[in-house]
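Grab a viewer and work through these exercises on salt bridges and cavities. Try each task before you read its solution.

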Amino acid sequence: MATVLPSPPRVGMVSLGCPKNLVDSERILTKLRSDGYQMSADYAGADVVLVNTCGFLDSAKEESLEAIGEAIAENGRVIVTGCMGKEAEVIRARFPGVLAVTGAHQYEEVVGAVHDAAPMPPSAFLNLVPDAGLKLTPRHYSYLKISEGCNHRCAFCIIPSLRGDLVSRRPDAILREAEKLVTAGTKELLVISQDTSAYGVDIRHQPRPWHGGEVRAHMTDLSRELGKIAPWVRLHYVYPYPHVDQVIPLMAEGLVLPYLDIPFQHAAPNVLRAMKRPANEAKVLERIRKWREIAPDITIRSTFVVGFPGETEADFQYLLDWLDEAQLDRVGAFRFEPVEGASANALPDQVPEEIKEERYARIMEKTAAISAAKLQAKIGRTLDVIIDVVDEDGATGRSQADAPEIDGEVHLRDAGNLKVGDIVPVTIEDADEHDLFGVPVPA
């Protein structure tokens, strides 16, 4: 007589915000799947819906509230987690019907709320999950979170109040996770945290046994070991501490991608001091020159805030001149936006919105011109490209200079024989302000 298995509850997930939130969502889903829950791709098929919120900016909060409202309207049974969970009273005032509200990286509380809302029928056949966990990214690349929280107290940021101070993971645990991801098909590891350069400071860079030796809880040691595991390792959210210089030779050796995501935020000393960030922009320029001497193909991506309180026209022009000299490869800009709880809100000399818009347009014009010139210089070169999409028109991938979702792409013709996840040499034939165009080198 056949055994009839009970139907497990189905969980829907809406994940908003940064890659760190995405990793939190993956961990929650992995735990729920290991408990036997199934995932639902739509509201209608879900017994309960999780909304992992972002609370970094007021616009992000409003997007989170809209997502909660949509989930309640479409499903009715909603659990809220993530950064905006710190403002449970705001969420409950607008949506009194939410089943539970938890804060960022409170995995046990979220999972417990799901168990309460949609209990799992007892069955030994429902507790199934892949060894590498469940992912919300394509199989060939994975985000690898190495720490939580942040020790900085930047005037415009409330991340420490949302996620707490720095808490680093054990290096051996990170490397084991990396091995599992690569075994499951990952080709590119994207290392993320609030402050990757500070990794291990809170645990005094304590070494752990690893494959017959030891590995320190330090960015350099961790990067070297990750480079032995995955074909591509990409570093995000790196503050330019002095020891970052030690990572550049790893890029020259091919252990780590020649790519640094450094959130400079500004260059004018007055603005950096007001932001409560290091104001050593001249030394940074000299270090960038040295990095390029060691790893000539290094790509430096950054973000900048325009219209910060007290930013004068002279300060903004200083930033533009600094960008001319720094020649950063990838740049994102944001208009300053007050965030509830940030100390910058109380600063004098708030910049009018029309001036913010004008400065935003100018910095984007400047950085687009720099990007276009740098990409034009790649025409005729052969670059390694990881393939993200293959269709009847060709393929789309990314070079070592391109992180997923935030940077440019490489569009390929005559690529029907490629597969997603392949890393192939490509001859670059053309470029625009953001993307490259090319053809795979015949095997």
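Buried means under 20% relative accessible area, exposed over 50%, and partly exposed in between (1.4 Å probe, protein chains only). The model is a predicted one, so local features need pLDDT of at least 70 and side-chain atom pairs count only at pLDDT 80 or more, while totals for chains, interfaces and linings use all residues. Residues are numbered from 1 along each chain as its sequence is written, and side-chain values use heavy atoms, with hydrogens and water left out.

**Exercise 1.** Sort Arg170 and Asp172 into buried, partly exposed or exposed, and say what joins their side chains.

*Solution.* Start with Asp172: its relative accessibility is 3%, so call it buried. Next, Arg170 has a relative accessible area of 39%, so that one is partly exposed. Finally, a salt bridge joins the two side chains, at 2.6 Å from N to O. The rule here is a side-chain nitrogen of Lys or Arg within 4 Å of a carboxyl oxygen of Asp or Glu. Across the structure, 36 salt bridges turn up.

**Exercise 2.** Find which parts of the chain the pair Arg359 and Glu313 ties together.

*Solution.* First check the contact: Arg359 and Glu313 form a salt bridge, with 3.7 Å between the closest N and O atoms. Arg359 sits in helix α12 (residues 353–376) and Glu313 in helix α11, so the bridge ties together parts 46 residues apart in sequence. Helices here are DSSP runs (H or I, at least four residues), numbered from the N terminus. Now the exposure: Arg359 is buried at 5% relative accessibility, whereas Glu313 is partly exposed at 37%.

**Exercise 3.** Which residues share a salt-bridge network with Asp24?

*Solution.* Follow the links from Asp24 and you pick up Arg27, Lys145, Glu148 and Arg163.

**Exercise 4.** Describe the largest cavity: what is its volume, and which residues line it?

*Solution.* Set up the search on a 1 Å grid over the protein atoms alone: a cavity is a set of points where a 1.4 Å probe fits but cannot get out, and lining residues have an atom within 4 Å of a point. Points are joined across faces, edges and corners, and the volume is the space filled by probe spheres set on them. That gives two cavities of 30 Å³ or more, and the largest has a volume of about 50 Å³. Thr299, Asp329, Arg330, Ser371, Lys374, Leu375, Lys378 and Ala401 line the largest cavity. Helix α12 supplies the largest share of that lining, three residues.

Definitions and conventions
Helices (H or I, at least four residues) and strands (E, at least two) are DSSP runs, numbered from the N terminus. On a 1 Å grid over the protein atoms alone, a cavity is a set of points where a 1.4 Å probe fits but cannot get out, and a pocket is an open set with protein on both sides within 12 Å along at least five of seven lines; lining residues have an atom within 4 Å of a point.
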